[in-house]
Amino acid sequence: MAEVLNDIIKPENQIYGKSEVLTDNVLHYCPGCSHGVVHKLIAEVIEEMGIQEQTIGVAPVGCSVLAYNYLEIDWQEAAHGRAPALATAIKRLRPDRFVFSYQGDGDLAAIGTAETIHACNRGENIVMVFINNGIYGMTGGQMAPTTLEGMKAATCPYGRDVSRDGHPIKITELLAQLPGTGYVTRQAVHTPAAVRKTKKALRKAFENQKLNKGTQLIEVVSTCSSGWKLTPVQANKWMEENMFAFYPLGDLKDE
Amino acid sequence: MRELKLMKGNEAIAEAAIRCGVDGYFGYPITPQSEIMETLMAEKPWETTGMVVLQAESEVASINMLYGGAGCGKRVMTSSSSPGVSLMQEGITYLAGAELPCVVVNVVRGGPGLGTIQPAQSDYFQSVKGGGHGDYKLIVLAPNSVQEMADFVELAFDLAFKYKNPALILSDGVIGQMMEKVELKEYTPRWTNEEIEKISPWATTGKGAHRGRNVITSLELEASEQEKVNHRLQAKYKEIEKNEVRCEKFMCDDADYLLVAYGSSARICQKSVELARENGIKVGLLRPITLFPYPVNEINALADQVKGILSVEMSAGQMVEDVRLAVNGKVKVEHFGRYGGAIPSPGEVVEALKQKIIGG
Amino acid sequence: MKEEIIIAGFGGQGVLSMGKILAYSGVMQDMEVTWMPSYGPEMRGGTANVTVILSDQRISSPVLHEFDTAIILNQQSLDKFEKEVKPGGTLIYDSNGITRHPERTDINIYRVDAAEETARMQSAKTFNMIVLGAYLKVRPVVKMENVLKGLKKSLPERHHHLIPLNEKAILRGSEIIREVSLVE
């Protein structure tokens, strides 16, 4: 058997490999979670662009608080919602570096709304990766600013009541209005085709940073099997039917 | 030739920042310290030294910009006044937890709440006892003149980098707004990125091939590991207490009574000492220059000599607790203060000394 | 030598800049100086005041509650600061808008009708320099050459052409001040 395997495992036969920019740490994410895929895509883009030594990431508070364990680059871990403020200073003091923030919906669209909007409005020359799964995963499935109307969460067990909780916020549409943002897009990673498109979008965002094209915002509509209490397959289906209806995929702005 | 200028304390902070090679200032306007950013913006240091100056959207953002900049090994600072510094407490505890060097200036005004824009010293507890969550300490310097406002910027950065800890310059509306003669230092160039790699090898400057990745974080989910982090921090604070106490004594040698005061109160008390001595009362003044570390031993030693101590602050009585801890029951310690923006007169202090200590 | 001065009036009368010029004059004469303003919203059209201390020695408190000299430019300030002049001290005031004149008999009181004079000179901006000139006449704490140096230091370059006009105003102030002391 081993002989057969050794026969197969040869560089010329390799069709897929783990990016050098990914560490060997075991991901702490739940099965079916989108974070792992997005991490991998960022790692691949960094590797392909050859910017591992020039990239500084800013991790959020939320499920991806430990993102810094998975990408072999320099990282800063921000207070909840403040990643755009950190990224602002990092980029302004080190304009020769590639800087990105990685944030969830609570981080970017609730507690950090001011930091998000003003970083975008100043046109900070950074990439913001926004994972929107409409729920607070890390703290146990509470309502997010992007939780859909009627969607159940730990702090809205009978569904989001917009008369009480307000409407889900389309922050990406809002940010696309600001002159400071360059490329603003909404993607997903639920199918191989979608994964390829998201990777293309990330690559474009990092390339745009090199060209000083303002704030690049990549929203990735994502699943949270645990928070949604669905299997990964069900979660993907639920996302397609419900999340995409409210958060349609595609480019919102490309300047 | 030395360059003598007449300037406000706030302006002196800004000038000193440019001259001592600060890389970035991030702030939000609030009275009585807005001249700091106004001066920086007018001076345009980005055209000369390359210093970045940015008006942030809030104090919350500006303190987190410090985190980002300090994490890159840059010399970054912010300034604000009491309500704004309250907003910064979150960022400050993260900076302390992640052991990032930076400088925060608080030009204190009266509180609580929106309070008043007039000078006060009622942020002592917030500054020296840890205004945010968790067990941490800031290095706290208390200037009492415009010259010290200028000088302490560099000193604060030196200490912040020596101990990888945020340093706070605790000033107030009097020192910030008044003008005095100040001698400014020569320009020191900012550190180059190559120098930063050597000075702060922990900084996130981009993971070079020669080292592993650097991660700036205050998170450690494992309790046993987080306890180790805390042990390290506490050991560092002990080291700071051992090495960095600074204070000034004024007419203490023959003193029967002692005033303890910092910042603008110390200036007022200096006059009180003169007034009291004109009336035949031998009073001395001890002025803590560092509020953390506090001059515990110096005050304790003077407690053997004097008959009583009056702690004078523009607060309802905050630092007096540290004076009492230092004196440890040896002599009577009382507090005298005006607060909410009111400033005690030198004469009032002498009266309080007579009533609370000498007569009491 | 030590001189502790309060200058008080309306915002816009040039109270703070007069104090600054005086302080800079002290610097030019190698004295220790402090300049401590009132600050905040009351400056926008309300009352403004500044404490200036000139001394041969290190200055202790920059905040004072009694003064060697009070320079008073409106009624509110007169009401507030007349009582804070040290016995034997000096009070200089502009009578424009004053309904209750100073009443103390243990201080030296002088009057300088600077507002009236600026109307005559048709140069409202020299008001504070007339007052400064009047003050220096009765309290010559700094030499005129140092005042001119201080003026140059505290005015931005683009206003340096106004220095001769200011000098004239200072001179005029020294001419029109008159004593109204009620000392018995």
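**Where chain A meets chain B**

Reader: How many residues of chain A are in contact with how many of chain B?

Author: Happy to help! Two residues are in contact if their C-beta atoms, placed from the backbone, lie within 7 Å. This is a predicted model, where local features need pLDDT of at least 70, side-chain atom pairs count only at pLDDT 80 or more, and totals for chains, interfaces and linings use all residues. Residues are numbered from 1 along each chain as its sequence is written, while chains are lettered from A and ligands numbered from 1 in the order in which they are written. For chain A and chain B, the contact counts are 29 and 32 residues, respectively.

Reader: Which element gives the most to the side of chain A that touches chain B?

Author: Helices (H or I, at least four residues) and strands (E, at least two) are DSSP runs, numbered from the N terminus. At least two residues each come from strand E1 (55-59), strand E2 (74-77), helix H3 (83-93) and helix H5 (113-121) of chain A. With 8 residues, the one that gives the most is H3(A).

Reader: What is the bridge partner of Trp75(A) in E9(B)?

Author: Strands pair if DSSP finds at least two bridges between them. E2(A) pairs in the parallel sense with strand E9 (residues 215-216) of chain B, over 2 bridges. In E9(B), the partner of Trp75(A) is Val215(B).

Reader: What distance separates the centres of domain 1 and domain 2 of chain B?

Author: Domain bounds come from an automatic or database domain assignment, which gives chain B domain 1 (3-194) and domain 2 (247-358). Taken over C-alpha atoms, the centres of these two domains of chain B are separated by 27 Å.
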